[in-house]
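Please read the points below with the sequence and the 3D view side by side, and look up each residue as it comes up.

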Amino acid sequence: MKKRWSWVVITGLLLTAFFNANSWAISPEEVLTSIHENWAKIDDLQATITIVTEIPGMQQSMEQEGKYYYKAPDRIRIDITAPSEQTTVIVGSTMTVKIADKINTVDLTKFPGMENMSFQGISSIEKWREQYAFAITGTDQGIYTLEMKPKGENFLYSKMDMDIEYEKGVVKETRLYDKDGKLQTKMSYEEYVSVGDNVWYQTKLITQTDTPQGKARTETAYAEIEVNQGISDEEFRLE
């Protein structure tokens with residue numbers, strides 16, 4: 001059970017990272033650009049993480065500690081160090097997971113929609129435009145709701161809504177809907193701080209997912225955030 005839900009945790013993390021209505025003063029393209037500009041300042045990023053997961057049917061929450069690495073445009077490494085060791089590395093559309101001495105590799109392109117989980121920001125606006133239809137569906141005090149509907153078949157969701165704070169270029173909340181249009185997963189990005197060259201990054205990510213057994217909740221806290229320290233490509237090789 002714990003191994004199964006560790007995937008939920010990883011998906012939530014990966015998910016830190018993604019996004020025509022002429023009636024709005026700001027276009028969907030401008031909102032996308034604001035996120036891209038914030039992430040374009042990041043060549044690499046690392047942070048310590050603490051993850052607390054509450055799973056339906058389990059009497060106690062599960063707490064994990066580890067380290068998170070990102071390198072532009074599409075490399076991620078998550079090292080879980082306690083209470084047990086697990087490493088996940090994503091390079092492009094290939095995800096590799098190591099538990100104990102066993103290594104498994106997954107081609108994310110075989111799961112439509114999931115391949116986008118490797119991107120922490122919008123590394124290519126053109127790619128997102130090709131894959132999604134965008135519309136602004138609401139605004140409140142500088143926060144715009146951007147609706148993203150996949151243009152083709154999608155394995156994970158029928159649409160995704162993102163609440164984006166335009167001035168900072170950050171996502172405040174993401175909502176994923178299943179094939180029937182029911183809200184399935186909500187991710188809240190909280191307590192942003194400015195690091196490095198005025199890069200905005202969350203220090204807390206709360207993911208809530210509906211499951212047949214009930215609602216699962218994961219809270220990830222980020223600390224000791226550092227950007228542009230020159231992370232080597234070797235960090236993203238798993239043997």
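1. R217 has a relative accessibility of 27%, so R217 counts as partly exposed, because that class lies between the buried limit of under 20% and the exposed limit of over 50%. Please keep in mind that this value, like the others in this note, is computed from a predicted model.

2. What is the partner of R217 in a salt bridge, and how far apart are the closest N and O atoms? The partner is E219, and the closest N and O atoms of the two residues are 3.3 Å apart. With a relative accessible area of 24%, E219 is also a partly exposed residue. Side chains of opposite charge can pair when their charged atoms come close.

3. The pair should not be read in isolation, since R217 and E219 belong to a network of salt bridges that also takes in E191 and K204. In the whole structure there are 13 salt bridges.

4. Another of these contacts joins the side chains of D233 and K71, with a distance of 2.6 Å from N to O. This salt bridge links distant parts of the chain, for K71 sits in strand 2 (residues 62-71) while D233 lies in the segment after strand 13 (214-227), and the two are 162 residues apart. Is D233 buried, partly exposed or exposed? Its relative accessibility is 34%, and D233 therefore counts as partly exposed.

5. K172 and E165 form a salt bridge as well, and here the closest N and O atoms are 3.9 Å apart, which is still inside the 4 Å cut-off for calling such a contact a salt bridge. The relative accessible area of K172 is 30%, so K172 is partly exposed.

6. Turning to the backbone, the protein contains three helices and 13 strands. Strand 5, which covers residues 94-99, pairs with strand 6, which covers residues 102-107, and the pairing is antiparallel and runs over six bridges. Within this pair, the residue of strand 6 that stands opposite V97 is N104. The two strands form a hairpin with two residues between them, and in this hairpin A100 takes a positive phi near 60 degrees, a detail that a student may wish to look up in the 3D view.

7. Finally, some totals give the setting for these details. The protein has 239 residues, of which 51% count as buried. Its accessible surface comes to about 11800 Å², and carbon and sulfur atoms account for 45% of that surface.

Conventions: Residues numbered from 1 in each chain as written. Predicted model: local features only at pLDDT ≥ 70, side-chain atom pairs only at ≥ 80, totals over all residues. Heavy atoms only, no water. Pairing = 2+ DSSP bridges. Helix = DSSP H or I, 4+ residues; strand = E, 2+ residues; numbered from the N terminus. Buried < 20%, exposed > 50% of the residue type's maximum accessible area, 1.4 Å probe, protein only. Areas by Shrake-Rupley, 256 points an atom, 1.4 Å probe, with all protein chains shown as cover.
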